[in-house]
Amino acid sequence: MLWTFAGVLLVYSAVPIANALLGESIKDNAVWFAAGQHVVRGEQIYPERGQQFPFMYPPTAALLLAPVSLLGQTGLVVALVVLNLLAWIASILLAVRLASGTWQRQPLLVYALPNLFISVYAWSNFHLAQPSLLLLALMLGAFVLLQGRHRAWAGSLFALAAAIKAFPFLAIFYLIVRRQWLATAALLLTLAFLLLALPTPFRGFAQARTDLQRWTQGMLFKYDDQGVAQRPGRSHSWRNQSLVGVANRLLRPVDADADIAPHRPIYVNLANLSFTAVNGIILAAALALGLLFLGVMPRRAHRTSETDALEAALFLLLLLLFTPLSFGYLFAILMFPFTVIVWRLLRRPNPRLLTCLIASVLLLALTIPFQKMAQAYGNTALATIILFAALAWELQSSRRPPSSGVLK
C-alpha cells in the first residue's frame with residue numbers, strides 16, 4: 001500500500017512541476033505567484049470596487065505567498081506541491097487518529113478506502129494548486145488538540161485555516177456550542193493577529209486595513225441574483241455543489257454552465273421560483289441541518305472519543321454544504337467522514353451505514369461518465385447529505401451514559 005501511495009504522490013506531484021518546467025499552464029499557481037509578488041512590491045492585492053478580483057482569498061493568504069513567490073513561478077509550484085503532499089499525509093494520519101481514538105496502527109482498509117474515494121479530488125488540489133488538503137489537516141489537527149485539552153492551540157489552528165480560506169471560521173459556532181471558551185478566544189485573537197497585526201510591518205496598518213475591507217466587501221458581503229462574491233457565473237454553475245449553488249440551479253432558471261463562454265446555456269431547474277423564495281428555502285434547509293446536528297450531539301457528560309469523531313465528521317460535512325462556493329477540489333475533505341465510516345464498519349458491520357456509504361460513493365462516481373450533468377443536478381451535494389444523515393444516525397445511536405472513557 002505504501003509503494004502504491006508513493007507512486008500516486010509521485011504522479012500527482014510530477015505533473016504540475018513538469019507543466020511549469022515545460023511552459024504549460026500552471027493553473028492557479030499563476031494567480032498565487034502574482035498575489036505574492038503584489039505583496040513583495042507593495043502593490044494593491046485587490047482592485048477597487050467594481051472590478052473583479054484576480055485573487056479571492058483573504059489578504060493573509062497573499063502575505064504567506066509573498067516569500068514563496070521569491071522562488072519564481074517554478075519554485076512556487078514545487079513548494080506548493082510539497083506542501084500539498086505533506087498535508088495529504090498529515091490528513092491521513094490525523095483522520096485515522098481521530099476516527100479510532102488512538103495513534104496505533106489500524107487495518108489497511110481504514111487508510112486505503114477513504115483515499116481511494118477522494119483520489120480525484122486530491123488530484124484536483126495538486127493540479128489546480130488548491131489548499132483543501134492543507135485546510136483539512138489544520139482542522140483535523142484542531143479537533144485532535146481539543147481532545148487533548150490543548151484548547152488555545154486548537155483555536156489557533158482553526159484561525160489559521162480561516163485566514164487561508166474564510167469558511168473554516170464557521171468552527172466558532174461549534175466551539176461556542178461546546179463551550180470551548182478558551183479555543184473561541186484563541187480563534188478570534190489569532191485571526192485578528194493574522195488579518196491585521198501580521199501584515200502591518202510589511203504593508204502598514206492603513207494598507208492592511210484597506211486590504212481587509214476590500215476583500216470583505218468583495219467576497220463576504222456580495223450575494224445577489226447574479227451570483228456569489230467574485231464568481232457571478234460560476235457560483236450558479238454545475239461546478240458549485242454548495243446549498244446555495246444547487247438550490248439556485250434547481251429552483252431558478254439560471255444557466256448551469258455560465259462560466260464558459262461562448263457556450264450553449266444549460267438549464268436544469270425543476271421549478272421557477274423567485275430569488276427571495278430560493279433564499280428562504282436555502283435558509284430553511286441550512287437551519288434543518290444545523291438543528292439536526294445540535295439534536296444528535298451528546299451532552300458533555302456523555303462524550304467519548306467515538307462521539308467526538310462523529311461530531312467532527314458532521315461538522316466538516318456541514319462546512320462543505322454551507323460555504324457559498326464549494327467546488328470539486330474542496331470535497332477532498334470527505335476523506336475524514338469516509339474514514340470514520342470505514343473504521344466503524346470494520347468494527348461493527350452495519351447494513352444501514354454500508355448502504356449509505358455505497359450510495360454516496362456511487363453518486364460521486366457519476367461525475368466520471370457524466371461530469372457536467374451529474375454535478376448540475378447536485379450529485380456531490382446529495383452524496384454529502386447522505387453521508388451527513390448516516391453519521392447523524394450513528395451519533396444518535398452511539399450516545400451512551402457516562403463511563404470511564406468519557407471526555408471532560
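1. A quick term before we start: a residue counts as buried when its relative accessible area is under 20%. Keep in mind as you read on that this is a predicted model.

2. Let's take helix α12 to begin with. It covers residues 205-220, 16 in total, and runs 21 Å from its first C-alpha to its last, close to the 22 Å expected at 1.5 Å a residue. By the cut-off above, the buried members of α12 are Gln207, Ala208, Asp211, Leu212, Trp215, Thr216, Gly218 and Met219. An α-helix has 3.6 residues a turn, so residues three or four places apart point the same way.

3. What do the buried residues of α12 pack against? Their partners are α3 (59-69), α10 (181-197) and α11 (200-203).

4. On to the voids. I'd look at both, since the structure has two cavities of 30 Å³ or more. The second largest holds about 30 Å³ of space, and its lining is made up of Ile45, Pro59, Leu63, Pro199, Arg203 and Asp211. Asp211 links back to point 2, being one of the buried residues of α12. By class, this lining splits into four nonpolar and two charged residues, with no polar ones.

5. The largest cavity comes in at about 70 Å³. Around it sit Leu98, Phe143, Leu146, Gln147, Tyr174, Arg178, Gln180, Arg303 and Asp308. Which helix gives the largest share of that lining? That would be α7 (residues 132-147), with three residues.

6. One for the chemist in you: the lining of the largest cavity is a mix of four nonpolar, two polar and three charged residues. Arg178, Arg303 and Asp308 are among the residues there.

Note on methods. Residues are numbered from 1 along each chain as its sequence is written. This is a predicted model: local features need pLDDT of at least 70, side-chain atom pairs count only at pLDDT 80 or more; totals for chains, interfaces and linings use all residues. Side-chain values use heavy atoms; hydrogens and water are left out. On a 1 Å grid over the protein atoms alone, a cavity is a set of points where a 1.4 Å probe fits but cannot get out, and a pocket is an open set with protein on both sides within 12 Å along at least five of seven lines; lining residues have an atom within 4 Å of a point. Grid points are joined across faces, edges and corners, and a volume is the space filled by probe spheres set on the points. Helices (H or I, at least four residues) and strands (E, at least two) are DSSP runs, numbered from the N terminus. Ala, Val, Leu, Ile, Met, Phe, Trp, Tyr, Cys and Pro count as nonpolar, Asp, Glu, Lys and Arg as charged, and the others, Gly among them, as polar. The expected span of a helix is 1.5 Å times one less than its number of residues. Buried means under 20% relative accessible area, exposed over 50%, partly exposed in between (1.4 Å probe, protein chains only). Contact means heavy atoms within 4.5 Å.
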